[in-house]
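Please open the model in your viewer with the residue numbers switched on, and keep a selection box at hand. The tour goes from one selection to the next, and each stop says what is to be found there.

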Amino acid sequence: MEKLLPTSIVGSLPKPAWLAPPEKLWSPWKLEGDQLLEGKQDALRISLQEQQLAGLDIICDGEQTRQHFVTTFIEHLSGVDFENRKTVRIRNRYDASVPVVVGDVARQKAVFVEDAKFLRRQTNKPIKWALPGPLTMVDTLYDDHYKSREKLAWEFAKALNEEARELQDAGVDIIQFDEPAFNVFFDEVNDWGMAALERAIEGLHCETAVHICYGYGIQANNDWKKTLGSEWRQYEEIFPKIQKSKIDVVSLECHNSNVPLNLIELVRGKKIMVGAIDVATNTIETPEEVANTLRKALEFVDIENLYPSTNCGMAPLSRNVARGKLIALSAGAEIVRKEFAI
C-alpha cells in the first residue's frame with residue numbers, strides 16, 4: 001500500500017433486511033434463483049458504497065454473497081453432506097449443527113471468483129477477499145471420512161489454494177484467511193496448522209493475511225472472553241510460528257480487549273491489521289478512541305506496517321451501528337496521519 005495507515009474491515013458487514021434477516025449468523029436468504037443472484041450483487045454495491053463513503057482505503061465484499069464465513073466455501077466442495085448434519089462443539093465454546101465429511105473433499109468449481117470479478121469492476125481501490133483457514137474449516141464440521149483433523153486440513157488447504165490463485169487472477173490485492181481456531185488449538189497450529197495455511201498460500205504473489213480474533217460478538221464468545229482473565233495471551237502461543245511463515249499480514253483483536261499489545265513484538269516485521277473497532281458492542285467508538293488504540297500499537301509496529309481495521313466481522317450488528325463504526329475507523333486513522341504529518 002502506498003498510503004500509510006490504510007483502513008479496512010476484517011470481513012463481514014450486515015446484510016440488507018430484504019436479502020436476509022438482519023443481525024444473525026447463518027441467516028437464510030429471502031430470495032431465490034436469479035432474484036437471489038441479483039440481490040447479492042445489489043448488496044455488494046451497497047457494501048462498496050458504505051465503505052467508500054466512510055473513507056476506507058481497502059475494500060472488501062462485506063461477505064454479502066455468503067451465509068457464513070466458513071460453510072459457504074464448504075458447500076461447494078465434494079464429499080460433504082449438508083443434509084444429514086451433526087451437532088459438534090465449535091472452538092470448544094458452543095454447539096452448532098454442521099455438515100458431515102462423508103468422502104474425499106475437493107474443489108469442483110470456483111466459489112467466489114465471479115463475485116470478486118464483479119467487485120473488481122466496481123472500484124479502482126485495492127480489494128481484499130476473505131477465505132476460511134484450513135484449521136477453522138476442520139473445526140466447523142464433523143469428519144466421518146478422514147478421521148484425522150490434520151489430513152482433512154491438508155485437503156482443505158489444497159482446495160483453498162486453487163480458489164486463492166483464481167481470486168488473485170481476478171484482481172484481488174489481498175487474500176485473507178480467517179483462523180479464529182488459531183486462538184484455541186495451539187498444539188495443532190504449531191504441529192501442522194500453520195503449515196497447512198502456508199500450503200493454502202503457495203504460489204501467490206498478492207498480499208496474504210491471517211485473521212486471528214476472539215470471535216464474533218455473539219453471546220458464546222463474549223462469555224468465553226470473561227473466563228480469560230485480565231490478560232489474553234493466546235497470541236503468545238502462535239506468533240513465533242507465524243513470524244517464521246510467509247504470511248504478509250497478521251490481523252489482531254485489540255480495542256476493548258485484554259491483549260497485551262507488546263505481544264505484537266513477536267511478529268515484528270509483519271504488517272499488522274490492528275483491530276481498533278470492537279464488534280461485540282453497539283457503542284460506536286469515537287475517532288479519538290480509535291486513534292488512541294493505533295497510538296498504543298505504534299509502540300510495537302512501524303507505522304508503514306500498521307493497517308487500522310476492525311476486531312472481527314460486523315454481520316451481527318445493525319447497519320446503522322456498522323456504518324458509524326466504519327466512519328469512526330476512518331476518522332481515527334486520519335487523526336494519527338495528521339499527527340505524523342503524513
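A residue is called exposed when its relative accessible area is over 50%, and buried when that area is under 20%. Keep in mind throughout that the model is predicted.

**Two loop residues**

Select Lys 147 to begin, in the loop that runs between β5 (142-143) and α5 (149-169). Because its relative accessibility is 59%, Lys 147 counts as exposed, and its backbone has a positive phi of about 60° although the residue is not a glycine. Go next to Asn 256, which sits in the loop between β8 and β9. Asn 256 likewise is not a glycine and has a positive phi of about 60°, and with a relative accessibility of 53% it counts as exposed.

**The open sheet**

Now display the strands as ribbons and find the open sheet of seven, whose order is β1-β4-β6-β7-β8-β9-β10, with parallel pairing. At its edges are β1 (59-60) and β10 (306-309), each of which pairs on one side only.

Start from the β1 edge, where β1 and β4 pair in the parallel sense over two bridges, and where Cys 60 stands opposite Lys 128 in β4. Select β4 itself, residues 127-132, and colour the strand by accessibility: six of its six residues are buried. Which residues of β4 lie on each of its two covered faces? Ile 127, Trp 129 and Leu 131 are on one side, while Lys 128, Ala 130 and Pro 132 are on the other, and all of them are buried. The next strand in the order is β6 (residues 174-178), which pairs with β4 in the parallel sense over five bridges; in that pairing, Ala 130 stands opposite Gln 176.

Move along the sheet to β8 (residues 249-253) and β9 (residues 271-275), which run parallel and are joined by five bridges. Here the bridge partner of Leu 252 is Val 274 in β9. Adding helix α9 (residues 287-297) to the selection shows it lying across β9 and β10, at about 145° to β9.

**The cysteines**

Select the cysteines and show their sulfur atoms. How many disulfides does the structure hold? The count is zero. Cys 60 has its closest cysteine sulfur in Cys 312, and the two sulfurs are 12 Å apart, which is too far for a bond; Cys 60 is also buried, with a relative accessible area of 4%. For Cys 254 the closest cysteine sulfur is that of Cys 213, at 11 Å, again too far for a bond, and Cys 254 is buried as well, at 8% relative accessible area.

**Helix α3 and the largest pocket**

Select α3 (113-122). The buried residues of this helix are Val 113, Asp 115, Ala 116, Phe 118 and Leu 119, and the elements that cover them include α1, β1, β3 (94-107), β4 and α5.

With α3 still selected, turn on a pocket display and look for the largest pocket, which holds about 300 Å³ of space. Its lining is made up of 16 residues, and those nearest its centre are Lys 40, Thr 65, His 76, Val 111 and Asp 115. Three helices, α1 (33-54), α2 (71-75) and α3, each supply at least two residues of this lining. Which of the elements gives the most to the lining of the largest pocket? It is α3, with three residues.

**The enclosed spaces**

Switch from pockets to cavities, of which there are three of 30 Å³ or more. The largest cavity contains about 220 Å³ of space and is lined by 22 residues, with Phe 69, Pro 180, Gly 215, Tyr 216 and Cys 312 nearest its centre.

**A tryptophan to finish**

For the last stop, select Trp 224, which is in helix α7 (residues 219-225). Is this side chain's residue buried or exposed? Trp 224 is buried, with a relative accessible area of 17%. Leaving aside neighbours within four places in sequence, Trp 224 is in contact with Arg 93, Asn 183 and Tyr 214. Add Tyr 94 to the selection and draw a C-alpha to C-alpha distance from Trp 224: the two residues are 9.6 Å apart in space and 130 residues apart in sequence.

Methods:
Residues are numbered from 1 along each chain as its sequence is written. This is a predicted model: local features need pLDDT of at least 70, side-chain atom pairs count only at pLDDT 80 or more; totals for chains, interfaces and linings use all residues. Side-chain values use heavy atoms; hydrogens and water are left out. A disulfide is a pair of cysteine sulfur atoms within 2.5 Å. Buried means under 20% relative accessible area, exposed over 50%, partly exposed in between (1.4 Å probe, protein chains only). Two strands pair if DSSP finds at least two bridges between them. Helices (H or I, at least four residues) and strands (E, at least two) are DSSP runs, numbered from the N terminus. Contact means heavy atoms within 4.5 Å. Axes are lines fitted to C-alpha atoms, for helices over the stretch in contact, and angles run from 0 to 180 degrees between N-to-C directions. On a 1 Å grid over the protein atoms alone, a cavity is a set of points where a 1.4 Å probe fits but cannot get out, and a pocket is an open set with protein on both sides within 12 Å along at least five of seven lines; lining residues have an atom within 4 Å of a point. Grid points are joined across faces, edges and corners, and a volume is the space filled by probe spheres set on the points.
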